Each structure stands twice: as structure tokens, then as C-alpha cells.
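Biologist: I should like a close look at a single part of the fold shown below. Please describe its surroundings residue by residue, and set the account within the chain as a whole.

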Amino acid sequence: GREDVMPKTAIHTPEVPDFRAPTSLAIRSGNLLFISGMAAHDRDGKTVGVGDAEAQTRQALDNLKALVEAAGGTLADVVKLTVFVRNIADRPKVNKVRAEYFREPYPSATLAEVTGLAGPDWLVEIEAIAVLAS
């Protein structure tokens, strides 16, 4: 193999169950942390807040927060969010919860409506990139 490959470390935490897919919850490479799409799954892998975009956003951000902290950072280190919603009408609910978790300067963000997510009851999925101090 190549010897110039940047080392990567998978991040795990008991707060967030690992995916049942060939995907890492989060990968740290240098000071960058890439967090896979987090949804409203609890530590047992069950969907919480079925039918409630606000509750699902809160759980997704709790999962994201747990992973950033497991990597040694905080939500203040998040520089980019990508938010997928099943219904664009849920945007005000999603944004209300995001304002509870992030402070200025806010991460840059993209929000897009999608026709489906991996979990049949998921209304929101949020991925992130963070830049960690060391």
C-alpha cells in the first residue's frame, strides 16, 4: 500500500450505536472530523420522536454532539452541517433546535428535502464536519 496515506481513526461512543453497514459513525483524519448522517436513533438503535421533526432533530444533534466529544471536541468545533429533511415544511422546527445547540459564528449549512432516509420513520438526518484543536 501507499505510505503517504493520511492516518484515519474511527470514532466510537456508547452513546451512539454503530451502523449495520460498512460505514464509520465518524472518522478523524488530522484535525478534521467527518461525522456520518445522524438521525433520531437512541443508544439502543431505536427511533425516537416518530412523527416529530423537532424531537428527531434534538436526538440527531445529541448523537452528533456525543461523537464530537468522543473525538475530543465540542459543538463549537463544527464548521459545516448538511441537514436532510423529509418535508421542507419542517425547516422552522429544525432551525429552532439547531439554535439551541450552536452559537455564532454558526457552522455553514445546507438543508435539503429528500424523498427518503435510511430509517423508514426518520424525518431528519444531519451530517457534519468539525475542525478539532489538536
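Modeller: What follows begins with the chain as a whole, turns to helix 2 and its cover, and then takes up individual residues. The model is a predicted one.

The protein chain has two helices and six strands. Read from the N terminus, these elements follow the order β-β-β-α-β-α-β-β. The radius of gyration is 15 Å, which agrees with the value near 14 Å for a compact globule of 134 residues. Along the principal axes, the C-alpha trace spans about 50 × 35 × 25 Å. Of the 134 residues, 39% are buried. Contacts between residues at least 6 apart in sequence join, in 67% of cases, residues at least 24 apart. The exposed area of the chain is about 7400 Å², with carbon and sulfur atoms supplying 52% of it. The chain carries 15 positive and 18 negative charges, and the mean positions of these two sets are 2 Å apart.

The part chosen for the close look is helix 2, which comprises residues 91-101. Its buried residues are V94, V97, R98 and Y101. Seen down the helix axis, the buried residues fall within an arc of 105 degrees, so they line one face of helix 2. The cover over these residues includes helix 1 (53-70) and strand 4 (78-85), together with strand 5 (108-113) and strand 6 (124-131).

Helix 1 may be considered next, through two of its residues. T57 is found in helix 1 and is buried, because its relative accessibility is 0%. Leaving out residues up to four places away in sequence, T57 touches V94 and V97, as well as V124 and I126. V94 and V97 are among the buried residues of helix 2. The C-alpha atoms of T57 and K93 are 8.3 Å apart in space, although 36 residues separate the two in sequence.

Q56 is also found in helix 1 and is likewise buried, at 0% relative accessibility. With residues up to four places away in sequence set aside, the residues that Q56 touches include A40, the run T47, V48, G49, V50 and G51, and the run D121, W122, L123 and V124. V124 is touched by T57 too.

One of the residues touched by Q56, G49, lies in the loop between strand 3 and helix 1. At 25% relative accessibility, G49 is partly exposed. Beyond four places in sequence, G49 touches A55 and Q56. G49 and D121 are 72 residues apart along the chain, yet their C-alpha atoms are separated by 9.0 Å.

The loop between strand 3 (32-38) and helix 1 also holds H41. H41 counts as buried, because its relative accessible area is 5%, and the limit for buried is under 20%. Apart from neighbours within four places in sequence, H41 is in contact with V16 and P17, with K46 and T47, with Q59 and N63, and with W122. W122 also figures among the residues touched by Q56.

The loops on either side of helix 2 complete its setting. On one side, R86 is placed in the loop between strand 4 and helix 2. R86 is partly exposed, at 32% relative accessibility. Setting aside residues up to four places away in sequence, R86 touches E113, V114, T115, G116 and L117, and also P120, W122 and L123. The C-alpha atoms of R86 and V124 are separated by 6.6 Å, with their positions 38 residues apart along the chain.

On the other side, P105 is found in the loop between helix 2 and strand 5. The peptide bond that joins E104 and P105 is cis, with omega about -5 degrees. Most peptide bonds are trans.

A last point concerns the other end of helix 1, where A71 lies in the loop between helix 1 and strand 4. A71 is buried, with a relative accessible area of 11%. Its contacts beyond four places in sequence are I11, R28, L33 and L132. A71 and A10 are 61 residues apart in sequence and 9.2 Å apart in space, C-alpha to C-alpha.

In summary, helix 2 has its buried residues on one face, and helix 1 is part of what covers them, with T57 touching V94 and V97.

Conventions. Residues are numbered from 1 along each chain as its sequence is written. This is a predicted model: local features need pLDDT of at least 70, side-chain atom pairs count only at pLDDT 80 or more; totals for chains, interfaces and linings use all residues. Side-chain values use heavy atoms; hydrogens and water are left out. Buried means under 20% relative accessible area, exposed over 50%, partly exposed in between (1.4 Å probe, protein chains only). Helices (H or I, at least four residues) and strands (E, at least two) are DSSP runs, numbered from the N terminus. The arc is that of the directions from the helix axis to the C-beta atoms. Contact means heavy atoms within 4.5 Å. The radius of gyration is taken over C-alpha atoms; the globule rule is 2.2 Å times the number of residues to the power 0.38. Accessible areas come from the Shrake-Rupley method with a 1.4 Å probe; for residues, only the protein chains shown count as cover. Lys and Arg count as positive and Asp and Glu as negative; His and the chain ends are not counted. The place of a charge is taken as NZ of Lys, CZ of Arg, CG of Asp or CD of Glu.
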